[in-house]
Amino acid sequence: MTEDEFDVFYTAAYPRLVGQLYALTGDHAEAQDVVQEAFVRAWDRRASVLTGDRAPEAWLRTVAHRLAMSRWRRARHWWELVRGESAPRLVPEPSPDHVALVAALRRLPETQRTAIVLHHLCDLSVEQIAAETGTASGTVKARLARGRSALAGYLTSEENHPTEEARV
Amino acid sequence: MSDRPPAHTLAGTDLCDRLHALAVHGAVPAPTAGAQVRIRAVRRRRGRRVLLSTTVLAAAAVVTLASGALGPSAPPPPPSSTAAPPSPVQDVLIDLDTHRLTVDGRSFRIGAPDPHCPIGEQAVTVSAKYPVVNLVPNEIGVGRPGPRNWAVTFTDQDHQQRLLLFELPPSDLPSVGADHILGAVGVAPASGKQVYDAVRLGARVRIEGGQRSEKPLSHSACIDRQPVKGGG
């Protein structure tokens with residue numbers, strides 16, 4: 001990939017990836033940070049990543065997600081101590097539906113949230129998710145089912161008892 | 001009996017729609033140009049190299065200190081396969097009579113200092129290198145202020161950092177082979193970068209010949225002798 005091709009690819013893929021990472025992490029600022037960092041790493045390793053026989057966007061999403069998880073893991077203990085339960089940093093003027101969905105996604109276990117977002121937002125098949133996350137297809141199916149079930153419950157709960165942020 | 005509705009009420013298509021709407025809402029345009037990302041990648045790579053070098057040097061220093069502190073009764077440390085042997089001090093020769101600078105077996109044409117503005121040293125150590133040094137006008141308006149490209153500096157006996165050499169601009173080509181530079185050595189145009197790259201920090205520079213002056217001018221008159229505060 002030439003410099004010009006990379007610049008075009010970056011401009012086109014960045015917004016899409018930020019949207020996906022926002023759903024994966026529930027943190028818009030973090031999503032932008034990790035996607036940007038993933039692009040930096042991609043260019044650093046362009047000889048192996050940005051070649052015609054690979055899917056660079058999938059690589060970027062995976063790297064950005066791992067970065068987010070790594071940061072999140074480092075901060076999780078401190079965050080829980082300080083805040084008790086973290087509130088999502090939202091994009092400007094989110095609709096109540098988005099607030100509820102982000103809050104519900106954040107309540108899911110990481111593995112279930114990843115499976116849900118990759119399948120229902122990124123349109124990955126169960127087998128592709130299994131390959132990307134290094135788990136068995138059956139495990140992915142179970143995570144999807146449990147995640148959908150939990151999400152339905154959370155969303156219903158959020159709609160009946162909206163968060164303070166949603167009411168503002 | 002629970003008030004919570006059954007968990008299977010969330011259809012897959014509904015979830016897809018809501019997630020896509022969320023992603024569209026969260027999508028923001030790229031904050032910078034792709035070129036900025038590429039520059040960051042280059043800086044990141046350089047930073048990693050510096051960190052690696054620093055770590056290796058620190059480890060070598062620790063090994064050296066530890067071996068010295070343990071004294072002769074301690075067993076000698078095992079030979080390290082990763083630490084590079086210390087490089088010998090580089091010798092550079094500036095011959096003001098022949099107007100040649102020799103480094104690593106390569107010779108470059110130079111312009112020598114004016115007899116009234118000698119460097120004033122016969123052996124110096126390279127203390128810094130700057131792609132550009134900007135000189136301020138001197139009090140009497142002699143000499144050309146402004147940039148000196150591919151500048152190599154040393155610290156003189158007055159503890160001032162001064163220019164040792166720099167690349168002459170093309171307009172100063174007549175100064176090559178002559179003694180017109182006001183307090184430093186001018187490397188021939190188009191050779192400055194090669195000399196700059198070849199001369200290493202800490203190099204020992206011998207300055208031979210020339211510099212015969214019965215009435216050296218003051219530092220302020222010799223513009224290339226003014227203290228160098230840093231690059232840029």
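The largest nonpolar core in this predicted model has 49 residues. Those that touch the most other members are A:L21, A:A23, A:V35, A:A38, A:F39 and A:A64. Several elements give two or more residues to this core: α1, α2 (28–44), α4 (56–83), α5, α6 and α8 of chain A, together with α1 (12–26) of chain B. The largest share, 9 residues, comes from α1(A). As a general remark, nonpolar side chains tend to be buried together in soluble globular proteins.

Let me turn to α1(A) itself. This helix covers residues 3–25 of chain A, and it bends by about 35° at A:A13. A proline, A:P15, follows the bend within four residues. The buried residues of the helix include A:F6, A:Y10 and A:Y14. They also include the run from A:L17 through A:V18, A:G19, A:Q20, A:L21, A:Y22, A:A23 and A:L24 to A:T25. What phi does A:G26 take, just after α1(A)? The value is positive, about 75°.

A second helix that contributes to the core is α5(A). Helix α5 spans residues 96–107 of chain A and has 12 residues. From its first C-alpha to its last it reaches 17 Å, close to the 16 Å expected at 1.5 Å a residue. Its buried residues are A:H98, A:V99, A:A100, A:L101, A:V102, A:A103, A:A104 and A:L105. In general, an α-helix has 3.6 residues a turn, so residues three or four places apart point the same way.

With these two helices in mind, consider chain A as a whole. The secondary structure of chain A comes to 9 helices and 0 strands. Buried residues make up 40% of its 168 residues. Among the contacts in chain A with a separation of 6 or more, 65% are between residues 24 or more positions apart.

Chain B has 3 helices and 9 strands. From the N terminus on, its elements run α-α-β-β-β-β-β-β-β-β-α-β. Of the 232 residues in chain B, 29% are buried. Residues 24 or more positions apart account for 69% of the contacts in chain B with a separation of 6 or more.

How do the chains meet? The contact takes 36 residues from chain A and 30 residues from chain B. On the side of chain A that touches chain B, the elements giving two or more residues are α1, α2, α5, α6 (110–120) and α8 (137–160) of chain A. Of these, α1(A) gives the most, with 13 residues. By class, this side of chain A has 20 nonpolar, 10 polar and 6 charged residues. Helix α1(A) therefore appears twice in this account: it gives the largest share of the core, and it gives the most to the side of chain A that touches chain B.Three loop positions in chain B deserve a closer look. As general background, most residues other than glycine have a negative phi, and most peptide bonds are trans. B:H99 has a positive phi of about 60° although it is not a glycine. This residue is found in the loop between β1 (91–95) and β2 (100–103) of chain B. Is B:H99 buried or exposed? B:H99 counts as buried, because 22 C-beta neighbours lie inside 10 Å.

B:H159 also is not a glycine, and has a positive phi of about 65°. B:H159 lies in the loop between β5 (146–155) and β6 of chain B. Why does B:H159 count as exposed? The reason is that B:H159 has 7 C-beta neighbours inside 10 Å, and a residue with 12 or fewer is exposed.

The third position, B:D172, is in the loop between β6 (161–167) and β7 (179–181) of chain B. B:D172 is partly exposed, because 17 other C-beta atoms lie within 10 Å. B:D172 and B:P189 are 17 residues apart in sequence, and their C-alpha atoms are 8.1 Å apart in space.

I will end with confidence. The predictor gives the complex an ipTM of 0.75 and a pTM of 0.48. Chain B averages a pLDDT of 80, and 80% of the residues score at least 70. Over residues 1–8 of chain B the pLDDT is below 50. Beyond near neighbours in sequence, that stretch has 8 contacts in the model. In general, where pLDDT is low, the predicted coordinates should not be read in detail.

Methods: Residues numbered from 1 in each chain as written. Chains lettered and ligands numbered in written order. Expected span 1.5 Å × (residues − 1). Buried ≥ 20, exposed ≤ 12 C-beta atoms within 10 Å, placed from the backbone. Bend = angle between axes of the 7 residues up to and from the residue. Contact = placed C-beta atoms within 7 Å. Nonpolar A, V, L, I, M, F, W, Y, C, P; charged D, E, K, R; others polar. pLDDT = per-residue confidence, 0-100. Core = buried A, V, L, I, M, F, W, Y, C linked by C-beta atoms within 7 Å.
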